[in-house]
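Biologist: Hey, got a minute to walk me through this one? I'd like to start with a single residue and work outwards.

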Amino acid sequence: MGLVKPIGSLDRGLSKDELIALAESNAHEVIESGQYDLLKVYVEMKRYELYFKTVMDKVREAALVVAQETGMKSFDYAGAKVSNTQRSVFNFDNDPTWQKLHDESQHLKERIKQHEALLKQVRGEKEEYLNEETGELIEIYAPTEQIVESIMVKL
């Protein structure tokens, strides 16, 4: 069994759930076989992920042009339903109330980041902190910390 199914070799009659199950089964076989360096396999698969995402984006753009030129609205292909859709995208920037609320939201997000940075500096369970904006003495509590291991691939 190869690591990746060649283009065109997947059964077109498989549902989304069946495709996921097949992928999980294939991944399990690769992992359990012991014949692959899984760290290298993962790095190479990240390369393919970037490659396929880029190819799909470009093909989607070209397919949209074809669908628009032919006037095709929808069709079925091997169990997949394809639709040429339209959606509205709203830009609210010209409304002063929306802009004010948006700015307040951005300000709050920034304050949250600043407070999180402050909380990361707490030694022990809690500390007292002088809020320079309000002059108020407040108790701040140290966040709980969990170490999560992962693999990061930079291409």
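Biologist: Which residues does L14 touch, not counting those up to four places away in sequence?

Modeller: L14 touches L19 and L22. Keep in mind that we're looking at a predicted model.

Biologist: Okay, and where does L14 sit in the chain?

Modeller: L14 lies in the segment before α1, and that helix covers 16-33.

Biologist: Is L14 buried, partly exposed or exposed?

Modeller: L14 is partly exposed, because its relative accessibility is 26% and the buried class means under 20%.

Biologist: How far is L14 from Y141 in space?

Modeller: From C-alpha to C-alpha, L14 and Y141 are 52 Å apart, and in sequence they are 127 residues apart.

Biologist: Let's zoom out. How many helices and strands are there in the protein chain?

Modeller: The protein chain has three helices and four strands. Starting at the N terminus, their order is α-α-β-β-α-β-β.

Biologist: Why is the chain described as more spread out than a compact globule?

Modeller: Its radius of gyration is 26 Å, while the globule rule gives 15 Å for 155 residues. The value is well over the rule, so the chain is more spread out than a compact globule. Along the principal axes, the C-alpha trace spans about 65 × 55 × 30 Å.

Biologist: And what share of the residues count as buried?

Modeller: Of the 155 residues, 6% count as buried. The chain exposes about 14200 Å², and carbon and sulfur atoms supply 55% of that area.

Biologist: What about charges, how many positive and negative ones are there?

Modeller: There are 20 positive and 28 negative charges, and their mean positions are 7 Å apart.

Biologist: On to the strands. How do β1 and β2 run relative to each other, parallel or antiparallel?

Modeller: Strand β1 (residues 74-77) and strand β2 (residues 80-83) run antiparallel, with four bridges joining them. One of the pairings puts S74 opposite its bridge partner S83 in β2. The two strands form a hairpin with two residues between them.

Biologist: Which residue in that turn has a positive phi?

Modeller: That's A78, with a positive phi of about 50°.

Biologist: What makes that worth pointing out for A78?

Modeller: A78 has that positive phi although it is not a glycine. Most residues other than glycine have a negative phi. As for its surroundings, A78 is in the loop between β1 and β2, and it is partly exposed, with a relative accessible area of 37%.

Biologist: Now the other hairpin. How many bridges pair β3 with β4?

Modeller: Five bridges, in the antiparallel sense, pair strand β3 (residues 126-130) with strand β4 (residues 137-141). K126 has Y141 in β4 as its bridge partner. Between these strands there are six residues, and in this hairpin G135 takes a positive phi near 75°.

Biologist: I also spotted Y129. Which strand is it in?

Modeller: Y129 is in strand β3. With 29% relative accessibility, Y129 counts as partly exposed.

Biologist: What does Y129 touch, leaving out residues up to four places away in sequence?

Modeller: Y129 touches L118, E136, L137, I138 and I140. Take I140: along the chain, Y129 and I140 are eleven residues apart, and their C-alpha atoms are separated by 6.7 Å.

Notes: Residues are numbered from 1 along each chain as its sequence is written. This is a predicted model: local features need pLDDT of at least 70, side-chain atom pairs count only at pLDDT 80 or more; totals for chains, interfaces and linings use all residues. Side-chain values use heavy atoms; hydrogens and water are left out. The radius of gyration is taken over C-alpha atoms; the globule rule is 2.2 Å times the number of residues to the power 0.38. Buried means under 20% relative accessible area, exposed over 50%, partly exposed in between (1.4 Å probe, protein chains only). Accessible areas come from the Shrake-Rupley method with a 1.4 Å probe; for residues, only the protein chains shown count as cover. Lys and Arg count as positive and Asp and Glu as negative; His and the chain ends are not counted. The place of a charge is taken as NZ of Lys, CZ of Arg, CG of Asp or CD of Glu. Two strands pair if DSSP finds at least two bridges between them. Contact means heavy atoms within 4.5 Å.
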